[in-house]
Amino acid sequence: KRLHQMSEDLIQGYESDEDVVPPINVAKRPRDENQVPQPSQAELEPPSKRQKVSNDILELPKFIFDEEEETRKEEEERQKHQGRKRTFPHVAGNWPTSVSIPLELNLGGNMPAVSKCIQSIRTRLLDEFKRSGFFDLKGENLVLEMIEDADLHISISRTFPLREHEFGLFLEHLRKSLLALNAPAFEVDLDEYEWYSSDDGSRSFVSLNVREGVDKNAVCALIAAVDEALEVVGRPKFYDDPKPHVSIAWCLGDVMERLKGCKLPQKSALLKAEKLTIPIKTILCKIGHRLFPFQLASGV
C-alpha cells in the first residue's frame, strides 16, 4: 500500500507544472515498546498474494517527460554557462540523473550567514587568483564563473543516464538504501579549498572540501547508500576514494597545468577566519529537470 501511494505521489508530481515532487521521508519511525505490534495488511494476505506484494517494485509507466522541453532548457543552460558540454552524449530516451546534497542556503537559521561567508570566500579567492597571475598566463581567455547559491551542493553520485522504465526502480531502491542507513540529519564543516576537474577535462572547479574525519565519513555513508541503488540499475558507482566537496566556482577546460605556474593562496588561509557549518537534511535526486527530495530524520 505504501509503495502504491508513493507511486501515485510521484506520478502526480510529473503531471503537475512543478519541477519538485513531494518530499519522500526516509526516517524510520521509533516504535513504542509498550505498544503491541499489529500485523500489516500484507502479512494478513495468503502467501501467494504476500509474495506479490513483497516483490512489488515502484513502477511508473506514465512518466510525463517532454523531450523537446528538456532539450530547450538544456540549450538555455548552455548559453548561460559558456556553452558547456554534456557529461555524456545525448541519446533519445536517456535522462541525465544525479544525486546530491543541496546546501539550501535559502532556509532560515544560520544559513544567511553561511551564504554571506561563502560569498566573501569567493570574492577573496578571485582577488587572490588575480594577484597570483592565474588569469595572465598565455593561452585561451579564462573566465571563472561563480556558482549561484541555489545551485551549491555536495555530489554523492556521478551524472549518469536513466531510461524512463528505470526511473521507478532506481528511486525505490534509493529510498530503501537510505531507509536502511537510517541516517539522521547532521552537520558538516567545510574547510580547505581545492581545484577539481571533470572526468573528461572539459571543466574545472574551485571547491571547499568537507572536513576530514567524522564529517567526511558521514557523507561517505550516504555515498555508499546511493552506490547500492546504482548497482541495481547497472550504473557506475561514485569514486573509490571520494572527497566530498562543494564547488563554488568553475571554468571551461582543465586548468591543472595552468595552476603550476601560479603562486596560489594557502589553502587554509582563506577559511581561517570563518567556520562554515552546513546542515545535511535532504538528499536530492535530479532526473532531467525533475527533482525528487528525500528527507533525513530530524537530528539537527
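A polar contact here is a pair of N or O atoms within 3.5 Å; within protein, one must be able to donate a hydrogen and the other to accept it, and residues adjacent in sequence count only if both atoms are side-chain atoms. One such pair involves Arg122, with a polar atom of its side chain 2.3 Å from the backbone oxygen of Ile147. The model is predicted, so to speak of local features takes pLDDT of at least 70 and side-chain atom pairs count only at pLDDT 80 or more, while totals for chains, interfaces and linings use all residues. Residues are numbered from 1 along each chain as its sequence is written, and side-chain values use heavy atoms, with hydrogens and water left out.

Arg122 sits in helix H5, residues 111-132 (helices are DSSP runs of H or I with at least four residues, strands are runs of E with at least two, numbered from the N terminus). Arg122 counts as buried because its relative accessibility is 8%, where buried means under 20% relative accessible area, exposed over 50% and partly exposed in between, with a 1.4 Å probe and protein chains only. Beyond its neighbours within four places in sequence, Arg122 is in contact (heavy atoms within 4.5 Å) with Met146, Ile147, Asp149, Leu152 and Ile248.

Then there is helix H6, with 15 residues running from 167 to 181. Its buried residues include Phe167, Phe170, Leu171, Leu174 and Arg175. Just after H6 comes Asn182, with a positive phi near 55°.

Zooming out, the protein has eight helices and eleven strands, and 42% of its 300 residues count as buried.

Technical notes. Expected span 1.5 Å × (residues − 1).
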